[in-house]
Amino acid sequence: MAGELDGALLKVFVAIIDCNGFSAAAERLHRTQSTISQSLQRLEDIVGTPLVQRNSRSVSLTPGGETFLIYARQILKLHANAVNAVRLPDEQACIHVGIPEDYAQLYLPAVLKDFRTQFPQVRPDICCERSTALVGRLQRGELDLVLGVQHADLQPGEYLCDEPLVWVVKDEWEAGRHSSVPLAVYAEGCAFRANAVSALAKAGRPWHVVYTSQSPRGIGIAIEQGQSVGVTARRLVPAGWQVLDESQGFPPIEPAQLMIWRSKQGKTLTVDAFVDILLYQLEGSQRLPERGTAPITAGHPPQ
(Lines give C-alpha, C1' and ligand atoms only; values in the text may rest on other atoms or scores of the structure.)
Protein backbone atom coordinates (compact mmCIF):
# COMPACT_ATOMS: atom_id res chain seq x y z
CA MET A 1 0.00 0.00 0.00
CA ALA A 2 1.47 3.37 -1.11
CA GLY A 3 -0.21 5.62 1.44
CA GLU A 4 -2.90 6.18 4.05
CA LEU A 5 -6.57 5.74 3.14
CA ASP A 6 -8.24 9.12 2.75
CA GLY A 7 -11.94 9.47 3.61
CA ALA A 8 -12.41 11.91 0.73
CA LEU A 9 -11.09 9.34 -1.72
CA LEU A 10 -13.38 6.69 -0.26
CA LYS A 11 -16.37 9.04 -0.72
CA VAL A 12 -15.46 9.46 -4.39
CA PHE A 13 -15.20 5.71 -4.92
CA VAL A 14 -18.55 5.02 -3.26
CA ALA A 15 -20.22 7.87 -5.17
CA ILE A 16 -18.97 6.50 -8.52
CA ILE A 17 -20.57 3.14 -7.79
CA ASP A 18 -23.76 4.54 -6.28
CA CYS A 19 -24.25 6.94 -9.21
CA ASN A 20 -23.11 4.41 -11.82
CA GLY A 21 -20.74 6.86 -13.44
CA PHE A 22 -18.15 9.60 -13.10
CA SER A 23 -20.27 12.53 -14.30
CA ALA A 24 -23.14 11.73 -11.92
CA ALA A 25 -20.67 11.27 -9.05
CA ALA A 26 -19.13 14.64 -9.88
CA GLU A 27 -22.62 16.19 -9.79
CA ARG A 28 -23.39 14.70 -6.39
CA LEU A 29 -20.07 15.72 -4.84
CA HIS A 30 -19.98 19.15 -6.54
CA ARG A 31 -16.64 18.44 -8.22
CA THR A 32 -15.38 18.26 -11.79
CA GLN A 33 -15.31 14.94 -13.61
CA SER A 34 -11.53 15.18 -14.00
CA THR A 35 -11.16 15.58 -10.22
CA ILE A 36 -13.30 12.48 -9.68
CA SER A 37 -11.14 10.48 -12.12
CA GLN A 38 -7.94 11.67 -10.47
CA SER A 39 -9.23 10.82 -7.00
CA LEU A 40 -10.14 7.28 -8.07
CA GLN A 41 -6.70 6.85 -9.67
CA ARG A 42 -5.07 8.00 -6.43
CA LEU A 43 -7.13 5.51 -4.41
CA GLU A 44 -6.26 2.67 -6.80
CA ASP A 45 -2.58 3.61 -6.47
CA ILE A 46 -2.88 3.46 -2.69
CA VAL A 47 -4.56 0.03 -2.57
CA GLY A 48 -2.40 -1.27 -5.41
CA THR A 49 -5.14 -2.73 -7.59
CA PRO A 50 -7.86 -1.53 -10.02
CA LEU A 51 -11.21 -1.06 -8.30
CA VAL A 52 -13.44 -0.04 -11.20
CA GLN A 53 -13.85 -1.17 -14.80
CA ARG A 54 -14.88 1.60 -17.17
CA ASN A 55 -16.65 1.57 -20.52
CA SER A 56 -18.42 4.20 -22.59
CA ARG A 57 -21.79 3.79 -20.85
CA SER A 58 -21.27 2.59 -17.32
CA VAL A 59 -18.84 1.45 -14.66
CA SER A 60 -18.58 -1.83 -12.81
CA LEU A 61 -16.56 -3.18 -9.92
CA THR A 62 -13.53 -5.39 -10.34
CA PRO A 63 -13.36 -8.43 -8.02
CA GLY A 64 -11.06 -6.43 -5.77
CA GLY A 65 -13.41 -3.45 -5.98
CA GLU A 66 -16.36 -5.56 -4.80
CA THR A 67 -14.47 -6.50 -1.65
CA PHE A 68 -13.08 -3.01 -1.09
CA LEU A 69 -16.52 -1.38 -1.43
CA ILE A 70 -17.77 -3.27 1.64
CA TYR A 71 -14.94 -1.91 3.76
CA ALA A 72 -15.17 1.59 2.24
CA ARG A 73 -18.81 1.90 3.31
CA GLN A 74 -17.98 0.66 6.81
CA ILE A 75 -15.07 3.10 7.17
CA LEU A 76 -17.17 6.06 6.03
CA LYS A 77 -19.94 5.14 8.45
CA LEU A 78 -17.45 4.85 11.32
CA HIS A 79 -15.99 8.25 10.39
CA ALA A 80 -19.45 9.82 10.49
CA ASN A 81 -20.29 8.16 13.81
CA ALA A 82 -17.02 9.36 15.35
CA VAL A 83 -17.59 12.97 14.26
CA ASN A 84 -21.22 12.92 15.34
CA ALA A 85 -20.29 11.60 18.78
CA VAL A 86 -18.15 14.64 19.62
CA ARG A 87 -19.73 17.49 17.62
CA LEU A 88 -23.39 17.28 18.53
CA PRO A 89 -24.68 19.95 20.89
CA ASP A 90 -25.61 18.93 24.40
CA GLU A 91 -29.01 20.59 24.29
CA GLN A 92 -32.09 19.11 22.65
CA ALA A 93 -32.15 19.89 18.90
CA CYS A 94 -34.71 19.35 16.15
CA ILE A 95 -34.40 18.51 12.46
CA HIS A 96 -37.37 19.24 10.20
CA VAL A 97 -37.75 16.71 7.37
CA GLY A 98 -40.30 16.53 4.57
CA ILE A 99 -41.08 13.26 2.78
CA PRO A 100 -44.08 12.11 0.71
CA GLU A 101 -46.40 9.80 2.60
CA ASP A 102 -45.87 6.73 0.41
CA TYR A 103 -42.08 6.89 0.79
CA ALA A 104 -42.45 7.59 4.50
CA GLN A 105 -44.55 4.46 5.00
CA LEU A 106 -41.91 2.28 3.32
CA TYR A 107 -38.63 3.76 4.55
CA LEU A 108 -39.13 6.07 7.51
CA PRO A 109 -39.35 3.45 10.32
CA ALA A 110 -35.85 2.10 9.59
CA VAL A 111 -34.43 5.57 8.93
CA LEU A 112 -35.72 6.98 12.23
CA LYS A 113 -34.49 3.97 14.19
CA ASP A 114 -30.95 4.37 12.83
CA PHE A 115 -31.02 8.17 13.21
CA ARG A 116 -32.11 8.01 16.84
CA THR A 117 -29.33 5.53 17.59
CA GLN A 118 -26.74 8.00 16.28
CA PHE A 119 -28.45 11.21 17.47
CA PRO A 120 -30.44 10.43 20.63
CA GLN A 121 -30.70 14.12 21.59
CA VAL A 122 -32.01 15.29 18.19
CA ARG A 123 -35.77 15.22 17.67
CA PRO A 124 -36.93 14.53 14.09
CA ASP A 125 -40.01 16.54 13.06
CA ILE A 126 -41.50 14.82 10.00
CA CYS A 127 -43.92 16.44 7.54
CA CYS A 128 -45.69 14.26 4.95
CA GLU A 129 -47.14 16.06 1.92
CA ARG A 130 -46.77 16.14 -1.84
CA SER A 131 -43.28 17.03 -3.10
CA THR A 132 -44.32 20.45 -4.41
CA ALA A 133 -45.80 21.45 -1.06
CA LEU A 134 -42.76 20.17 0.83
CA VAL A 135 -40.29 22.09 -1.33
CA GLY A 136 -42.43 25.20 -0.80
CA ARG A 137 -42.16 24.71 2.96
CA LEU A 138 -38.39 24.31 2.68
CA GLN A 139 -38.11 27.53 0.66
CA ARG A 140 -40.09 29.32 3.39
CA GLY A 141 -37.61 28.10 5.99
CA GLU A 142 -40.00 25.58 7.60
CA LEU A 143 -37.99 22.45 6.68
CA ASP A 144 -34.30 21.53 6.72
CA LEU A 145 -34.52 18.67 4.25
CA VAL A 146 -36.94 17.24 1.68
CA LEU A 147 -36.97 13.91 -0.13
CA GLY A 148 -39.30 14.12 -3.10
CA VAL A 149 -39.94 13.81 -6.80
CA GLN A 150 -38.87 16.44 -9.30
CA HIS A 151 -41.71 18.38 -10.91
CA ALA A 152 -41.48 20.59 -13.95
CA ASP A 153 -42.25 23.72 -11.91
CA LEU A 154 -39.73 23.02 -9.13
CA GLN A 155 -36.15 24.22 -8.90
CA PRO A 156 -34.04 21.06 -9.40
CA GLY A 157 -32.83 19.33 -6.27
CA GLU A 158 -29.89 16.95 -5.81
CA TYR A 159 -30.48 14.04 -8.18
CA LEU A 160 -30.63 10.62 -6.54
CA CYS A 161 -31.94 8.28 -9.23
CA ASP A 162 -34.52 7.72 -11.90
CA GLU A 163 -37.74 6.36 -10.40
CA PRO A 164 -39.44 3.88 -12.78
CA LEU A 165 -43.23 4.22 -12.85
CA VAL A 166 -45.67 1.35 -13.40
CA TRP A 167 -49.39 0.79 -13.94
CA VAL A 168 -51.02 -0.95 -10.97
CA VAL A 169 -54.36 -2.60 -10.26
CA LYS A 170 -55.87 -4.95 -7.72
CA ASP A 171 -54.90 -8.54 -8.55
CA GLU A 172 -58.37 -9.58 -9.72
CA TRP A 173 -58.86 -6.54 -12.01
CA GLU A 174 -59.83 -7.27 -15.60
CA ALA A 175 -60.61 -5.00 -18.54
CA GLY A 176 -60.58 -5.00 -22.30
CA ARG A 177 -57.26 -4.38 -24.00
CA HIS A 178 -58.58 -1.38 -25.94
CA SER A 179 -61.19 -0.02 -23.54
CA SER A 180 -60.86 3.40 -21.92
CA VAL A 181 -58.56 3.24 -18.89
CA PRO A 182 -60.30 4.25 -15.62
CA LEU A 183 -57.63 6.15 -13.72
CA ALA A 184 -57.28 6.70 -9.97
CA VAL A 185 -54.63 9.43 -9.78
CA TYR A 186 -53.39 12.45 -7.91
CA ALA A 187 -54.76 15.88 -8.76
CA GLU A 188 -53.55 17.95 -11.72
CA GLY A 189 -49.91 18.95 -11.36
CA CYS A 190 -48.74 15.53 -10.18
CA ALA A 191 -45.87 14.15 -12.24
CA PHE A 192 -47.01 10.53 -11.83
CA ARG A 193 -50.31 11.57 -13.39
CA ALA A 194 -48.70 13.72 -16.10
CA ASN A 195 -46.30 10.99 -17.19
CA ALA A 196 -49.03 8.35 -17.19
CA VAL A 197 -51.48 10.42 -19.24
CA SER A 198 -48.70 11.32 -21.68
CA ALA A 199 -47.88 7.62 -22.17
CA LEU A 200 -51.53 6.78 -22.89
CA ALA A 201 -51.85 9.69 -25.32
CA LYS A 202 -48.74 8.63 -27.25
CA ALA A 203 -50.05 5.07 -27.42
CA GLY A 204 -53.49 6.22 -28.60
CA ARG A 205 -55.16 4.53 -25.63
CA PRO A 206 -58.32 6.28 -24.34
CA TRP A 207 -58.56 7.09 -20.64
CA HIS A 208 -60.81 8.82 -18.14
CA VAL A 209 -60.33 9.85 -14.49
CA VAL A 210 -62.69 8.12 -12.07
CA TYR A 211 -61.00 9.11 -8.80
CA THR A 212 -58.59 11.77 -7.58
CA SER A 213 -56.90 12.21 -4.21
CA GLN A 214 -54.10 14.22 -2.64
CA SER A 215 -53.19 11.22 -0.49
CA PRO A 216 -51.50 7.92 -1.42
CA ARG A 217 -53.88 6.24 1.00
CA GLY A 218 -56.85 7.69 -0.86
CA ILE A 219 -55.49 6.38 -4.16
CA GLY A 220 -54.86 3.01 -2.54
CA ILE A 221 -58.46 2.74 -1.35
CA ALA A 222 -59.72 3.37 -4.89
CA ILE A 223 -57.42 0.75 -6.40
CA GLU A 224 -58.35 -1.76 -3.71
CA GLN A 225 -61.96 -1.57 -4.96
CA GLY A 226 -60.77 -3.27 -8.16
CA GLN A 227 -62.42 -0.75 -10.51
CA SER A 228 -59.54 1.57 -11.42
CA VAL A 229 -55.94 1.72 -12.57
CA GLY A 230 -53.24 3.67 -10.74
CA VAL A 231 -49.65 4.67 -11.39
CA THR A 232 -46.88 4.51 -8.81
CA ALA A 233 -43.15 4.04 -8.41
CA ARG A 234 -42.10 0.45 -8.95
CA ARG A 235 -40.49 0.26 -5.51
CA LEU A 236 -43.78 1.32 -3.84
CA VAL A 237 -46.04 -1.41 -5.28
CA PRO A 238 -47.63 -3.22 -2.31
CA ALA A 239 -48.45 -6.90 -2.03
CA GLY A 240 -51.77 -7.81 -3.59
CA TRP A 241 -51.42 -5.40 -6.50
CA GLN A 242 -50.71 -6.37 -10.09
CA VAL A 243 -48.34 -4.50 -12.42
CA LEU A 244 -49.68 -4.07 -15.96
CA ASP A 245 -47.39 -3.93 -18.99
CA GLU A 246 -47.44 -3.70 -22.79
CA SER A 247 -48.69 -7.26 -23.17
CA GLN A 248 -51.89 -6.07 -21.48
CA GLY A 249 -52.17 -2.90 -23.54
CA PHE A 250 -50.42 -0.49 -21.15
CA PRO A 251 -47.50 1.51 -22.57
CA PRO A 252 -44.23 2.20 -20.70
CA ILE A 253 -44.29 5.35 -18.58
CA GLU A 254 -41.43 7.83 -18.57
CA PRO A 255 -39.66 7.59 -15.19
CA ALA A 256 -39.75 10.30 -12.56
CA GLN A 257 -36.64 11.58 -10.78
CA LEU A 258 -36.07 11.19 -7.06
CA MET A 259 -34.42 14.20 -5.43
CA ILE A 260 -33.08 15.69 -2.22
CA TRP A 261 -33.56 19.38 -1.37
CA ARG A 262 -31.64 20.95 1.52
CA SER A 263 -32.17 24.28 3.23
CA LYS A 264 -29.24 26.65 2.86
CA GLN A 265 -29.69 27.53 6.53
CA GLY A 266 -30.12 23.90 7.59
CA LYS A 267 -28.26 22.13 10.40
CA THR A 268 -25.48 20.73 8.22
CA LEU A 269 -24.23 17.97 10.49
CA THR A 270 -27.58 16.40 11.31
CA VAL A 271 -29.01 17.01 7.82
CA ASP A 272 -26.02 15.30 6.20
CA ALA A 273 -26.33 12.39 8.59
CA PHE A 274 -30.08 12.03 7.95
CA VAL A 275 -29.42 12.05 4.18
CA ASP A 276 -26.74 9.36 4.54
CA ILE A 277 -29.08 7.14 6.54
CA LEU A 278 -31.93 7.71 4.10
CA LEU A 279 -29.72 6.89 1.11
CA TYR A 280 -28.52 3.74 2.85
CA GLN A 281 -32.12 2.56 3.21
CA LEU A 282 -33.00 3.48 -0.37
CA GLU A 283 -29.92 1.81 -1.81
CA GLY A 284 -30.47 -1.28 0.30
CA SER A 285 -33.99 -1.69 -1.03
CA GLN A 286 -34.52 -4.63 -3.37
CA ARG A 287 -36.79 -2.32 -5.35
CA LEU A 288 -34.10 0.30 -5.99
CA PRO A 289 -34.07 1.37 -9.65
CA GLU A 290 -30.94 1.90 -11.69
CA ARG A 291 -29.07 5.00 -10.57
CA GLY A 292 -26.99 7.70 -12.09
CA THR A 293 -28.31 7.39 -15.65
CA ALA A 294 -28.06 11.16 -16.16
CA PRO A 295 -26.96 14.25 -14.26
CA ILE A 296 -29.78 16.29 -12.86
CA THR A 297 -31.55 18.88 -14.89
CA ALA A 298 -35.18 19.88 -14.55
CA GLY A 299 -36.96 16.57 -14.08
CA HIS A 300 -40.02 14.69 -15.09
CA PRO A 301 -42.25 15.04 -12.06
CA PRO A 302 -44.97 13.34 -9.61
CA GLN A 303 -46.11 13.15 -6.22
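Mentor: Contact means heavy atoms within 4.5 Å. Keep that in mind for this predicted model, where local features need pLDDT of at least 70, side-chain atom pairs count only at pLDDT 80 or more, and totals for chains, interfaces and linings use all residues. Residues are numbered from 1 along each chain as its sequence is written, and side-chain values use heavy atoms, with hydrogens and water left out.

Trainee: Which residues is Ser263 in contact with, leaving aside its neighbours within four places in sequence?

Mentor: Leu138, Leu143 and Asp144. Ser263 itself sits in the loop between strand E12 (256-262) and helix H9 (268-284). Helices (H or I, at least four residues) and strands (E, at least two) are DSSP runs, numbered from the N terminus.

Trainee: Why does Ser263 count as buried?

Mentor: Buried means under 20% relative accessible area, exposed over 50%, partly exposed in between (1.4 Å probe, protein chains only). Ser263 has 14% relative accessibility, so it counts as buried. Across the protein's 303 residues, 49% count as buried.

Trainee: What makes Tyr186 and Phe192 an aromatic pair, and what kind is it?

Mentor: Rings of Phe, Tyr and Trp (its six-membered ring) pair if their centres lie within 6.5 Å; planes under 30 degrees apart count as stacked, over 60 as edge-to-face and the rest as tilted. The whole structure holds five aromatic pairs. For Tyr186 and Phe192 the values are 6.5 Å centre to centre and 65° between the planes, which is edge-to-face. Both Tyr186 and Phe192 are buried. Elsewhere, Phe115, Phe119 and Phe274 make up one aromatic cluster.

Trainee: How do you know that Lys77 lies over the face of Tyr280?

Mentor: A charge sits over a ring if NZ of Lys or CZ of Arg is within 6 Å of the ring centre and within 35 degrees of the ring normal. Lys77 lies 5.3 Å from the ring centre of Tyr280, over its face. Arg205 is placed over the face of Phe250, at 4.8 Å from the ring centre.

Trainee: Why are E4 and E6 said to stand at the edges of their sheet?

Mentor: Two strands pair if DSSP finds at least two bridges between them. The order of this open sheet of five strands is E4-E3-E5-E12-E6, with mixed pairing. Strand E4 (122-127) and strand E6 (158-163) each have a single partner strand, so one side of each has no neighbour in the sheet. The average turn between neighbouring strands of this sheet is 20°, direction ignored.

Trainee: How do you know that strand E3 (residues 93-98) and E4 pair?

Mentor: Count the bridges. Six of them join E3 to E4, and these strands run parallel. Ala93 has Val122 in E4 as its bridge partner. Helix H5 (101-118) packs on this sheet, and its direction makes about 170° with that of E4. Axes are lines fitted to C-alpha atoms, for helices over the stretch in contact, and angles run from 0 to 180 degrees between N-to-C directions. Helix H6 (residues 131-139) packs on the sheet too, making about 155° with the direction of E5.

Trainee: Why is E6 called largely enclosed?

Mentor: Five of its six residues are buried, so the rest of the structure largely encloses E6. E6 is joined to E12 by five bridges, and the two run antiparallel. There, Asp162 has Gln257 in E12 as its bridge partner.

Trainee: What makes E10 and E11 edge strands?

Mentor: Each pairs on one side only. They belong to an open sheet of three strands, in the order E10-E7-E11, with antiparallel pairing. Here the average turn between neighbouring strands is 50°, direction ignored. E7 and E11 share four bridges, and Lys170 stands opposite Trp241 in E11.

Trainee: Which strands does H8 lie across?

Mentor: E7, E10 and E11, and H8 runs at about 50° to E7. The buried residues of helix H8 (residues 216-224) include Pro216, Ile219 and Ile223. Among the elements they pack against are H5 and strand E8 (181-186).

Trainee: Where does the backbone take a positive phi?

Mentor: At Gly226, just after H8, with a value of about 80°.
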